[in-house]
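Take a look at the fold below. Follow the strands and helices one pair at a time.

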Amino acid sequence: MNGIVLGTRGSELARTQTALVEDALRNAHPGLKIGITVIKTSGDEKRTLPQGRKGLFTGEIERALLEREIDVAVHSAKDLPSEMTEGLEICATFSRAAVEDVLVAKTAASLAEVPRGATIATGSVRRQHQLRWVRPDLQIAELRGNVPTRLRKLAENSWEGIILARAGLERLQIATDRYVILPNEQFVPAGGQGVIALQIRRDDNVLREMLAPINHRATLLCLRAEREFLRLLQGDCGTPVGVLAEIDGDWMNLCAQVFTDGETEPKVGRLRERITAQPEVIAATLFENMYGEKK
């Protein structure tokens with residue numbers, strides 16, 4: 001194969017992530033011709049997003065992949081629905097960036113220092129539930145748009161702060177005057193947060209081999225566990241659930257935090273298993289421990 005085409009969203013973060021993939025491929029395969037196709041998704045075109053958000057930021061890219069308009073889809077892994085589109089697979093990931101959420105605040109040096117009754121903006125249902133759990137006195141405002149747009153909206157509004165993914169800020173090399181890293185124990189991140197996922201057609205063995213040298217195996221294993229837990233829960237990026245897998249030597253630590261409508265306290269589960277087991281099996285065990293059933 002002399003050349004490949006990468007498909008991506010048009011946001012600044014998506015383009016930055018795709019540039020990382022392009023550089024890694026050029027280093028692994030000198031002389032490889034690489035094209036980039038920018039695809040506008042439904043999520044990019046909508047001013048407000050419905051609660052059922054499956055595939056809003058990925059559907060059009062996946063269609064282009066299936067129709068062979070592109071060869072590799074470059075995704076923020078947390079945007080992908082937990083049910084993989086038939087005929088496609090995630091075959092590689094980059095080394096995971098920072099997984100934490102951060103509070104970008106105007107005055108407060110910590111979440112505890114945010115004044116009572118102040119407003120924090122976030123468009124994430126998960127983060128909204130986590131905020132109500134940790135700081136029920138705060139007001140919550142809806143927030144949409146890419147990372148620079150969200151930071152601009154913070155400056156233009158009377159909000160005290162906004163919550164963003166640390167990975168996006170760092171990949172864009174955006175320096176904020178103040179941001180506070182929120183603890184994973186309370187703000188368990190979204191499944192796939194901080195992960196760049198490379199998706200191909202399942203029958204494309206040539207591309208699978210081509211991408212193998214740039215794959216970070218530990219990150220892919222963690223992503224598989226997180227996505228399987230979300231699949232069993234039937235959750236996606238619009239569901240109030242956090243799930244995080246981490247590898248510690250020969251062990252995988254998997255933590256899930258699930259909020260239910262009408263309940264303030266989340267259901268939390270943790271599991272530590274040797275990574276000799278398939279990530280999907282580890283996720284299924286945690287799900288069974290939490291809900292007493294197999295799927």
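## A parallel pair and its helix

I4 sits across from I34, a residue of strand β2. This is a predicted model. The two residues belong to a longer match: strand β1 covers residues 3–8, strand β2 covers residues 33–38, and they pair in the parallel sense. The pairing runs over 6 bridges.

What do β1, helix α1 and β2 make together? They make a right-handed β-α-β unit. Helix α1 spans residues 12–28.

## Another partner for β1

Strand β1 also pairs with strand β3, residues 72–76. This pairing is parallel too, over 2 bridges. Here G7 stands opposite A73 of β3.

## The five-stranded sheet

Now move to another part of the chain. An open sheet holds 5 strands, in the order β7-β6-β8-β5-β9. The pairing in this sheet is mixed. Which strands stand at the edges? They are β7 (139–141) and β9 (179–181). Each has a single partner strand, so one side of each is left without a neighbour in the sheet. From one strand to the next, the twist averages 30 degrees.

Look inside the sheet at β5 and β8. Strand β5 covers residues 101–105, and strand β8 covers residues 161–165. They run antiparallel, joined by 5 bridges. One of the matches is A105 with G161, its bridge partner in β8.

## Helices on the sheet

Helix α4, residues 125–134, packs on this sheet. It touches β5, β6 (119–121), β7 and β8. The direction of α4 makes about 130 degrees with that of β8.

Helix α5, residues 147–156, packs on the sheet as well. Its contacts there are with β5 and β8. The direction of α5 makes about 165 degrees with that of β8.

## A buried leucine in a loop

Where does L172 lie? It is in the loop between α6 (166–171) and β9. Is L172 buried or exposed? Its relative accessibility is 12%. Buried means under 20%, so L172 counts as buried.

What is L172 in contact with, leaving aside its neighbours within four places in sequence? The list is E12, L13, T16, V147 and P148. Among these, E12, L13 and T16 fall within helix α1. V147 and P148 fall within helix α5.

A64 gives a second reference point. L172 and A64 are 108 residues apart in sequence. In space, they are 26 Å apart, C-alpha to C-alpha.

Notes. Residues numbered from 1 in each chain as written. Predicted model: local features only at pLDDT ≥ 70, side-chain atom pairs only at ≥ 80, totals over all residues. Heavy atoms only, no water. Pairing = 2+ DSSP bridges. Helix = DSSP H or I, 4+ residues; strand = E, 2+ residues; numbered from the N terminus. Right-handed = clockwise from strand over helix to strand, strands pointing away. Axes fitted to C-alpha atoms, helices over the stretch in contact; angles between N-to-C directions. Contact = heavy atoms within 4.5 Å. Buried < 20%, exposed > 50% of the residue type's maximum accessible area, 1.4 Å probe, protein only.
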